[in-house]
Amino acid sequence: MTTSLLLAQLLNGLQYGVLLFLLAAGLTLVFGIMSFVNLAHGSLYMLGAYAAAVVSVQTDSFALGVLAALATGGVVGLILEMVAVSKLYRRDHLDHVLATFGLILFFNEVVRMIWGPQPVFVPLSEALSGTVELFGFNYPAYRFLIIVVGLIVAVGSQWLIHKTRVGMLIRAGSVNPQMVGALGVNIRLLNAMLFALGAALAALAGAMAGPIMSVQSGMGEPVLITTLVVIVIGGIGSVHGALYAAIIVGMADTLGRTFLPMLIREFADREVANAAGPALASMLVYLLMAVVLAVRPQGLFPAHKGQ
């Protein structure tokens, strides 16, 4: 194992973790603050990826594709909240799950009808297709861009929730919405805007993931499972907890897939290592979640209501 390999995998783990955070940030706002279980969050991620792909191809500009993804996620999220989600806030979580699972099936079929079952690939400009030199070795410029965007979103989310009047109302509304409403605040509009923000962040994650993953129908469900693991590990409703947990999960998954097969080869033959290594690596994240739940059921960085 060389130093450059270790450093490259650490950066890959950070990049994957930041990408998970982009998805987890919106979901933890909706799930933790509004107490709404939105399984369709992965579908909004998928729609963002398709919006970015279509606009990038038509305009030859990835930046315009990202803006289109943000707009698509925000508008679709706002429509969903007003048409369906707002009717479910007072229902129990099982109703949330059933309704949003139906939305998953709906969006997957709509995407398949429009773009077909074949994957769509997102082109990148020459600048983003190149590399940047970090610590003496070259690292893909686009993966570095994902890290930068994710950290900007993390800082922006913390600023919004803890340093603005809107954030104060969001935190107060999560504790006592009736009292906040009695003070003249439009709680319904506040919830709608918060849901739209979460949807836009999911779409942004899809747009950023598009160039390094195939954009296709159903792409949101596998990553949604990992995102839920991130939220559980970090602490439900905690944005900074989602960031730390996403980086931990990203590192564990990436380093596990790279180095576990190499470690197993020290004790078994190559065929066994190649078969067992990836299988154990895929289990590593869930084992980590089980350990965290056993030690700290509230998560590693739980949110404090109203703070």
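**Close-up views of a predicted model**

**View 1. Y89 counts as partly exposed, at 24% relative accessibility.** Welcome to the first close-up, taken, like the others, from a predicted model. The relative accessible area of Y89 falls between the 20% under which a residue is buried and the 50% over which it is exposed, so the middle class applies. F36 offers a contrast: with 0% relative accessible area, F36 is buried. Y89 belongs to the loop that joins α3 (62-83) to α4 (93-115), while F36 belongs to the loop that joins α1 (3-34) to α2 (41-59).

**View 2. F36 and Y89 make one of the six aromatic pairs that the structure holds.** Their ring centres are 6.0 Å apart and their planes meet at 85°, so the pair is edge-to-face. Because one ring sits in each of two loops, the pair ties together parts of the chain that are 53 residues apart in sequence. Which residues form one aromatic cluster here? They are F36, Y89 and F195.

**View 3. Y244 and F301 form an edge-to-face aromatic pair.** Here the distance is 4.9 Å from centre to centre, with 65° between the planes. The two residues are 57 positions apart and link distant parts of the chain: Y244 is in helix α11 (residues 239-264), and F301 is in the segment that follows α12 (270-295). Both rings have some accessible surface: Y244 is partly exposed at 40% relative accessibility, and F301 is partly exposed at 26%.

**View 4. A154 is a buried residue of helix α6.** This helix covers residues 141-163, and A154 has a relative accessible area of 8%. That value is under the 20% cut-off, so A154 is classed as buried. Which residues does A154 touch, once those up to four places away in sequence are set aside? F21 and L243 are the ones. L22 is worth a look too: its C-alpha atom is 8.2 Å from that of A154, although 132 residues separate the two along the chain.

**View 5. T254, in helix α11, is buried.** Its relative accessible area is 11%, under the 20% cut-off, so T254 is classed as buried. Neighbours within four places in sequence aside, T254 is in contact with Q9, N12, G13 and Y16.

**View 6. Stepping back, the chain has 12 helices and two strands.** Starting at the N terminus, the order of elements is α-α-α-α-α-β-β-α-α-α-α-α-α-α. The radius of gyration is 20 Å, close to the 19 Å that the globule rule gives for 307 residues, so the chain is as compact as a globular protein of that length. Along the principal axes, the C-alpha atoms fill a box of roughly 65 × 50 × 35 Å. Among contacts with a separation of 6 or more, 79% join residues 24 or more positions apart.

**View 7. Surface and charge complete the picture of the chain.** Of the 307 residues, 47% are buried. The chain exposes about 14800 Å², and carbon and sulfur atoms supply 68% of that area. How many positive and negative side chains are there? The chain has 14 positive and 12 negative ones, and the centres of the two sets lie 16 Å apart.

Note on methods
Residues numbered from 1 in each chain as written. Predicted model: local features only at pLDDT ≥ 70, side-chain atom pairs only at ≥ 80, totals over all residues. Heavy atoms only, no water. Helix = DSSP H or I, 4+ residues; strand = E, 2+ residues; numbered from the N terminus. Rg over C-alpha atoms; globule rule 2.2 N^0.38 Å. Buried < 20%, exposed > 50% of the residue type's maximum accessible area, 1.4 Å probe, protein only. Contact = heavy atoms within 4.5 Å. Areas by Shrake-Rupley, 256 points an atom, 1.4 Å probe, with all protein chains shown as cover. Lys, Arg positive; Asp, Glu negative; His and termini not counted. Charge placed at Lys NZ, Arg CZ, Asp CG, Glu CD. Phe/Tyr/Trp six-rings, centres within 6.5 Å; stacked < 30°, edge-to-face > 60°.
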